[in-house]
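The following exercises are to be worked with the sequence and the three-dimensional structure in view. Each task is followed by a solution in steps.

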Amino acid sequence: MKIKLNTKFKKKIEYFIPHFKRLGITAVIRLNDPLYEAERFVQEGIDHYDLIFPDGHNPPDHILNKFLRICATQKGGIAIHCMAGLGNLINLIFDNKSK
């Protein structure tokens, strides 16, 4: 998918990549609409997953199940993000803990 790359996000990706590598982060999970090219992480050996669902909603079962599979099989740390960290991320964590 071609995304119009926002310079602000491109700079953030370049900032985070060395820190993620230093911390042993081997995957990024994006919960919001794409605002950057995931390929940049993949080029650096960091897996990237899109688990997008409507902000402020509980994740559908297929998203939750994929999230759990990623967490169970990833061989390193996982960076998970949404836009503000107050909607999708909290719902995904809460839904995961409540099952």
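**Exercise 1. Aromatic pairs**

Task: Determine how many aromatic pairs the structure holds, and classify the pair of Y15 and F16 by its geometry.

Solution. The structure holds 4 aromatic pairs. Rings of Phe, Tyr and Trp (its six-membered ring) pair if their centres lie within 6.5 Å; planes under 30 degrees apart are stacked, those over 60 are edge-to-face, and the rest are tilted. The ring centres of Y15 and F16 are 5.3 Å apart and the planes stand at 80 degrees, so this pair is edge-to-face. Y36 and F41 also form an edge-to-face pair, at 5.8 Å centre to centre with 75 degrees between the planes.

The next step is to place these rings relative to the surface. A residue is buried under 20% relative accessible area, exposed over 50%, and partly exposed in between (1.4 Å probe, protein chains only). F16, with a relative accessible area of 35%, is partly exposed. Y36 and F41 are both buried. One aromatic cluster is formed by Y15, F16, F20, Y36 and F41.

Finally, consider the charge at Y36. The charged end of R30 sits over the ring of Y36, 4.3 Å from its centre; the criterion is NZ of Lys or CZ of Arg within 6 Å of the ring centre and within 35 degrees of the ring normal.

The basis of these values is as follows: this is a predicted model in which local features need pLDDT of at least 70 and side-chain atom pairs count only at pLDDT 80 or more, while totals for chains, interfaces and linings use all residues. Residues are numbered from 1 along each chain as its sequence is written, and side-chain values use heavy atoms, with hydrogens and water left out.

**Exercise 2. Chain layout and confidence**

Task: State the order of the secondary structure elements, and identify where confidence is lowest and where it is highest.

Solution. Helices (H or I, at least four residues) and strands (E, at least two) are DSSP runs, numbered from the N terminus. The protein chain has 4 helices and 3 strands, which run α-β-α-β-α-β-α from the N terminus on.

Confidence is given by pLDDT, the predictor's value for each residue from 0 to 100. The chain has a mean pLDDT of 79, and 73% of its residues reach 70 or more. Confidence is highest in strand 2 (residues 47-50), at a mean of 96, and lowest in helix 4 (residues 88-98), at 49. Over residues 94-99 pLDDT stays under 50, and the model has 7 contacts beyond four places in sequence for them; a contact means heavy atoms within 4.5 Å. Where pLDDT is low, the predicted coordinates should not be read in detail.

**Exercise 3. Nonpolar cores**

Task: Identify the residues of the largest nonpolar core and the element that gives the most to it.

Solution. A nonpolar core is a set of buried Ala, Val, Leu, Ile, Met, Phe, Trp, Tyr and Cys residues joined through side-chain atoms within 4.5 Å. The largest has 9 residues: I13, I17, F20, I25, V28, Y36, F41, I46 and A79. Helix 1 (7-23) and strand 1 (25-30) each supply at least two of its residues. Helix 1 gives the most, with 3 residues. A second, separate core of 8 residues includes L31, L51, I63 and I70.

Contacts beyond the neighbours within four places in sequence add detail. For I25 they are F20, I46, G77, I78 and A79.

**Exercise 4. Two residues of helix 1**

Task: Decide whether I13 and K12 are buried or partly exposed, and give the C-alpha separation of each from Y36.

Solution. I13 is found in helix 1 and, at 5% relative accessibility, is buried. Although 23 residues apart in sequence, I13 and Y36 are 8.3 Å apart from C-alpha to C-alpha. Leaving aside neighbours within four places in sequence, I13 is in contact with Y36, E37, R40 and F41.

K12 also lies in helix 1 but is partly exposed, at 41% relative accessibility. The C-alpha atoms of K12 and Y36 are separated by 9.7 Å, the two residues being 24 residues apart along the chain.
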